[in-house]
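The following exercises concern helix packing, helix length and the lining of a pocket. Each task is followed by a solution in steps.

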Amino acid sequence: MTLYGFAIAATWLDAIADKLVEILELFGILLYIPNTIMGATVLAFGNSLQDLVANVSLSRKGLNKMAITACLAGPIFNMCVGLGGGFWVLMRSTGKDEIHVKFPGNIKTGFYFTIANCALVVLAGTVFGNGVIGRAYGHIAWGLYAVYVITSLMV
């Protein structure tokens, strides 16, 4: 019974998310904003808001290691399972063994900024912080994200 309830909840969430993405796409069309920019800003914010709230809550309770692990594990899960699963379903439905993908400039920019942030975390935590990530990292990370959004809009 629990599994059935979970399946029903997942189906409802999928249907609601699908409609929200359609509304977001409509706003993008009406405001002449490309889908990739909408995805990199509005959709990314909406996708990450619950993680932000959960990680801040964990940090306030003193569970910093769990919060940091969740910050890193969530995107890894999304990229590996979400992207891998999406390509698997696409290849299975089209009958193709490979899918050719062309990355727009703002997606490449996202890759570069992801690598930059990973390097920043490693440097802040190991090289400069000696195992402690200070408040300066938060300010620099916010600045890095602002530069990323501006760069994505210009590319």
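**Exercise 1.** In this predicted model, determine how α2 and α3 are oriented relative to each other from the angle at which they pack.

*Solution.* Step 1: the axes of α2 and α3 lie 7 Å apart, and the two helices pack at an angle of about 160°. Step 2: angles over 145 degrees count as roughly antiparallel, and α2 is therefore roughly antiparallel to α3. Step 3: the handedness completes the description, α2 passing α3 in a left-handed crossing.

**Exercise 2.** Compare the expected span of helix α3 with the distance between its end C-alpha atoms.

*Solution.* Step 1: helix α3 covers residues 64-94, that is, 31 residues. Step 2: the expected span is 1.5 Å times one less than the number of residues, so helix α3 should span 45 Å. Step 3: the end C-alpha atoms of α3 are 44 Å apart, which agrees with the expectation. Step 4: just after α3, Gly-95 adopts a positive phi of about 80°.

**Exercise 3.** Characterise the second largest pocket by its volume, by the elements that line it and by the chemical classes of its lining residues.

*Solution.* Step 1: the second largest pocket holds about 220 Å³ of space. Step 2: α1 (2-30) and α2 (35-60) are the elements that give two or more residues to its lining. Step 3: α2 supplies the largest share, five residues. Step 4: the lining residues include Leu-20, Leu-24, Val-42 and Asn-47. Step 5: by class, the lining comprises six nonpolar residues, three polar and no charged.

Methods. Residues are numbered from 1 along each chain as its sequence is written. This is a predicted model: local features need pLDDT of at least 70, side-chain atom pairs count only at pLDDT 80 or more; totals for chains, interfaces and linings use all residues. Side-chain values use heavy atoms; hydrogens and water are left out. On a 1 Å grid over the protein atoms alone, a cavity is a set of points where a 1.4 Å probe fits but cannot get out, and a pocket is an open set with protein on both sides within 12 Å along at least five of seven lines; lining residues have an atom within 4 Å of a point. Grid points are joined across faces, edges and corners, and a volume is the space filled by probe spheres set on the points. Helices (H or I, at least four residues) and strands (E, at least two) are DSSP runs, numbered from the N terminus. Ala, Val, Leu, Ile, Met, Phe, Trp, Tyr, Cys and Pro count as nonpolar, Asp, Glu, Lys and Arg as charged, and the others, Gly among them, as polar. Axes are lines fitted to C-alpha atoms, for helices over the stretch in contact, and angles run from 0 to 180 degrees between N-to-C directions. Angles under 35 degrees count as roughly parallel, over 145 as roughly antiparallel, 65 to 115 as roughly perpendicular and the rest as oblique. A crossing is left-handed if the near helix is turned anticlockwise from the far one by less than a right angle, and right-handed if clockwise.
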